[in-house]
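Q: I'd like to learn how to read a few features of a protein model at my desk. Could we take them one at a time, general idea and then the case here?

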Amino acid sequence: MLNKVIMGVTKTNMYSVEQNELASLFKVLGHPARIAILQYIIDQKACICNDLVDELGLAQATISQHLKELKNIGIIKGTIEGKSVCYCIEEKVWKSFQENFNTFFNQNVNINECC
């Protein structure tokens, strides 16, 4: 799923698959435009084929770059039919990210008075 995303020349092999996936996901989701794109797609409850430029107020080149990043981690999928490009959430990947995210944040944390 995230084999397409390489985290640079770091020692990613020192970390678990889940840690690498979460880090890649957080990196891609670290831009508010990408969050806005995902929220827009989710709110439509269908694939979007309309122009995101009008919806988000960003330049076409900027939106294309953000869509590319989201597609690279597999969280969205798209089809091209002529000049029309349609995008929707890749549900299997979404669920996997959701499970990893929940597992990470549902860990019990002991509150100590040491800090």
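Q: What is the handedness of the link between Cys49 and Cys86?
A: In general, a disulfide is a covalent bond between the sulfur atoms of two cysteines. Here the link of Cys49 and Cys86 is right-handed, with 115° about the S-S bond. Keep in mind that this is a predicted model: local features need pLDDT of at least 70, side-chain atom pairs count only at pLDDT 80 or more, and totals for chains, interfaces and linings use all residues. Residues are numbered from 1 along each chain as its sequence is written, and side-chain values use heavy atoms, with hydrogens and water left out.

Q: How far apart are the sulfur atoms of Cys49 and Cys86?
A: They sit 1.8 Å apart, and a pair of cysteine sulfur atoms within 2.5 Å is called a disulfide. The structure holds 1 disulfide. Cys49 lies in the loop between H2 and helix H3 (52–56), while Cys86 is in strand E2 (residues 84–89), so the pair ties together parts that are 37 residues apart in sequence. Helices (H or I, at least four residues) and strands (E, at least two) are DSSP runs, numbered from the N terminus.

Q: Why do Cys47 and Cys88 not count as bonded?
A: Look at the gap: the sulfur of Cys47 has its closest cysteine sulfur in Cys88, 3.1 Å away, which is too far for a bond. Cys47 is partly exposed at 44% relative accessibility, whereas Cys88 is buried at 14%. The cut-offs are under 20% relative accessible area for buried, over 50% for exposed and in between for partly exposed (1.4 Å probe, protein chains only). For the bonded pair, Cys49 is partly exposed at 41% and Cys86 is buried at 13%.

Q: How do I read a helix such as H2, and which of its residues are buried?
A: An α-helix has 3.6 residues a turn, so residues three or four places apart point the same way. In H2 (residues 32–44), the buried residues are Ala33, Arg34, Ile37, Leu38, Tyr40 and Ile41. Seen down the axis of H2, they fall within an arc of 160° (taken from the directions from the axis to the C-beta atoms), so they line one face of the helix. The face turned away from that buried side carries the exposed residues Pro32 and Asp43. After H2 comes Lys45, with a positive phi near 55°.

Q: Where does the largest nonpolar core get its residues?
A: In soluble globular proteins, nonpolar side chains tend to be buried together. A nonpolar core is a set of buried Ala, Val, Leu, Ile, Met, Phe, Trp, Tyr and Cys residues joined through side-chain atoms within 4.5 Å. The largest one here has 18 residues, and those with the most contacts inside it are Ile41, Leu52, Leu67, Leu70, Ile75 and Ile76. Helix H1 (17–28), H2, helix H4 (60–72), E2 and helix H5 (91–105) each supply at least two residues of this core. H2 gives the largest share, 4 residues.

Q: What does Leu70 touch?
A: A contact is heavy atoms within 4.5 Å. Leaving aside residues up to four places away in sequence, Leu70 touches Val28, Leu29, Arg34, Ile37, Leu38, Ile75 and Ile76.

Q: And the protein as a whole: how many helices and strands are there?
A: There are 5 helices and 2 strands, running α-α-α-α-β-β-α from the N terminus. Buried residues make up 27% of the 115 residues.
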